[in-house]
Amino acid sequence: MSFVDTLKGLLGKGREAASQNADKVHGAIDKAADVADSKTGGKYSDKIDKAADAAKKAVPPKE
């Protein structure tokens, strides 16, 4: 098995684990966005919200 195959397998397992715990991952994304927004004084709120939404879309809930 090549290194690339090993990485693909690990990515698949990571996606599966994230989708099984999507609610926890989404909560962590929200918390990180809140911290970033607080640290920047709200200056980049729109950009932080867009990034958080994109991250949430990358981790869909398991069907």
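Colleague: What makes the pattern of this chain α-α-α?

Modeller: Read along the sequence, that is the order, with 3 helices and 0 strands. Helices (H or I, at least four residues) and strands (E, at least two) are DSSP runs, numbered from the N terminus. Mind that this is a predicted model, where local features need pLDDT of at least 70, side-chain atom pairs count only at pLDDT 80 or more, and totals for chains, interfaces and linings use all residues. Residues are numbered from 1 along each chain as its sequence is written, and side-chain values use heavy atoms, leaving out hydrogens and water.

Colleague: Why is the chain called more spread out than a compact globule?

Modeller: The globule rule, 2.2 Å times the number of residues to the power 0.38, gives 11 Å for 63 residues, and the radius of gyration, taken over C-alpha atoms, is 15 Å, well over that, so the chain is more spread out. Its C-alpha trace spans about 50 × 25 × 15 Å along the principal axes.

Colleague: How do you know that Asp30 forms a salt bridge with Lys56?

Modeller: The term asks for a side-chain nitrogen of Lys or Arg within 4 Å of a carboxyl oxygen of Asp or Glu. Here the closest N and O atoms are 2.5 Å apart, so the pair qualifies. It links Asp30 in helix 2 (residues 22–39) to Lys56 in helix 3 (residues 45–58), 26 residues apart.

Colleague: Why is Asp30 called partly exposed?

Modeller: Buried means under 20% relative accessible area, exposed over 50%, and partly exposed in between (1.4 Å probe, protein chains only). Asp30 has 33%, so it is partly exposed. Lys56, at 23%, is partly exposed too.
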